[in-house]
Amino acid sequence: MRKKELDGVIYELEDIRKKYEDKYEELINETDMKCKRKEYWKGGNMLHTGAYCPSKTVDMICGNVSRGKRVRKEVKVGYTYFFDDNDLLIRADSKDESYESIKKMVEERGEEIFPCREFIFYTSNEMHTVKFGYGGGENEVEDVSKCIYKDGYLQEYILYINILDENKGTIEGERYIFR
């Protein structure tokens, strides 16, 4: 990807972040109301969106990484997935190994903590995700992703990680060619 193209991608992902950054409570209420079904998964925390990570390669490239295992009940470490009446994934709540220790520290300060929450939005041929980190009052967007589909096949997957730190933001991208 050339610099000009990369700058355009970053600009577009920043626009997505800005569109949703102050809508945390609204997004929770909206997805809670639209949710018709939930799934619980244990593990998968190394992958963006866990079991439903759009990447076709990241779990193959990163050794010993699993998408997790579906379970019957909510777990301490893993994901809760929310689906709408069209069976589309609309939200993914995740807790990793650090959640319980962070929760204890935050609660000792008299604050509340929530799981990481990733909200998923669809257009005709794109999917965008916006991930809020463990939050009390701040509820800041940590990651943004964009997927482009053509004829039902994933063509491009871009994940913008750690966007809160201007000096350390990372872009991961994958392009696929289907013949």
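**In what pattern do the helices and strands of the protein chain follow one another along the sequence?**

**View 1. The whole chain, for orientation.** This is a predicted model, and read from start to end the protein chain goes α-α-β-α-β-β-β-α-β-β-β-β-β. That comes to four helices and nine strands. The protein chain has 179 residues, and 41% of them count as buried. If you look at contacts with a separation of 6 or more, residues 24 or more positions apart account for 49% of them.

**View 2. Helix H1 and its two sides.** H1 covers residues 3-20. At 1.5 Å a residue, its 18 residues should span 26 Å, and the end C-alpha atoms are indeed 26 Å apart, so expectation and model agree. Now for the sides: Val 9, Leu 13, Glu 14, Ile 16, Arg 17 and Tyr 20 are the buried residues of H1. They take up an arc of only 155° around the axis, which means that they sit on the same side of the helix. Flip to the other side of H1 and you meet exposed residues, namely Lys 3, Lys 4, Tyr 11 and Lys 19.

**View 3. Helix H2 and what it packs against.** H2 takes in residues 24-34, and its buried residues are Tyr 24, Leu 27, Ile 28 and Thr 31. Look down the axis of H2 and these fall within an arc of 100°, so they line one face of the helix. What do the buried residues of H2 pack against? Their partners are helix H1, strand E4 (89-95), strand E5 (116-122) and strand E6 (126-132).

**View 4. Two nonpolar cores, with a close look at Phe 119.** The largest nonpolar core holds 16 residues, and Leu 13, Phe 119, Val 130 and Phe 132 have the most contacts inside it. At least two residues of this core come from each of H1, H2, E5, E6, E7 and E8. H1 is the top contributor here, with four residues. Zoom in on Phe 119 and, neighbours within four places in sequence aside, it is in contact with Tyr 24, Leu 27, Ile 28, Thr 31, Ile 90, Arg 91, His 128, Thr 129, Val 130 and Phe 132. So much for that core; there is also a second, separate one of 15 residues, and among its members are Trp 41, Ala 51, Ile 120 and Tyr 157.

**View 5. The E7 and E8 hairpin.** Strand E7 (residues 141-150) runs antiparallel to E8, and seven bridges join the two. Ile 148 stands opposite Glu 156 in E8. Two residues lie between the strands of this hairpin, where Asp 151 adopts a positive phi near 55°. Further along, Leu 159 has its place in E8, a strand that covers residues 153-161. Is Leu 159 buried or exposed? Its relative accessible area is 4%, so Leu 159 counts as buried. Its C-alpha atom lies 9.7 Å from that of His 128, a residue 31 positions away along the chain.

**View 6. Lys 95 and its polar partner.** Lys 95 belongs to strand E4. With a relative accessible area of 16%, it falls under the 20% limit, so Lys 95 is buried. Which residue does the side chain of Lys 95 meet in a polar contact? The partner is Glu 74, with the two side chains joined at 3.4 Å.

Conventions: Residues are numbered from 1 along each chain as its sequence is written. This is a predicted model: local features need pLDDT of at least 70, side-chain atom pairs count only at pLDDT 80 or more; totals for chains, interfaces and linings use all residues. Side-chain values use heavy atoms; hydrogens and water are left out. Buried means under 20% relative accessible area, exposed over 50%, partly exposed in between (1.4 Å probe, protein chains only). The arc is that of the directions from the helix axis to the C-beta atoms. Contact means heavy atoms within 4.5 Å. The expected span of a helix is 1.5 Å times one less than its number of residues. Two strands pair if DSSP finds at least two bridges between them. A nonpolar core is a set of buried Ala, Val, Leu, Ile, Met, Phe, Trp, Tyr and Cys residues joined through side-chain atoms within 4.5 Å. A polar contact is a pair of N or O atoms within 3.5 Å; within protein, one must be able to donate a hydrogen and the other to accept it, and residues adjacent in sequence count only if both atoms are side-chain atoms.
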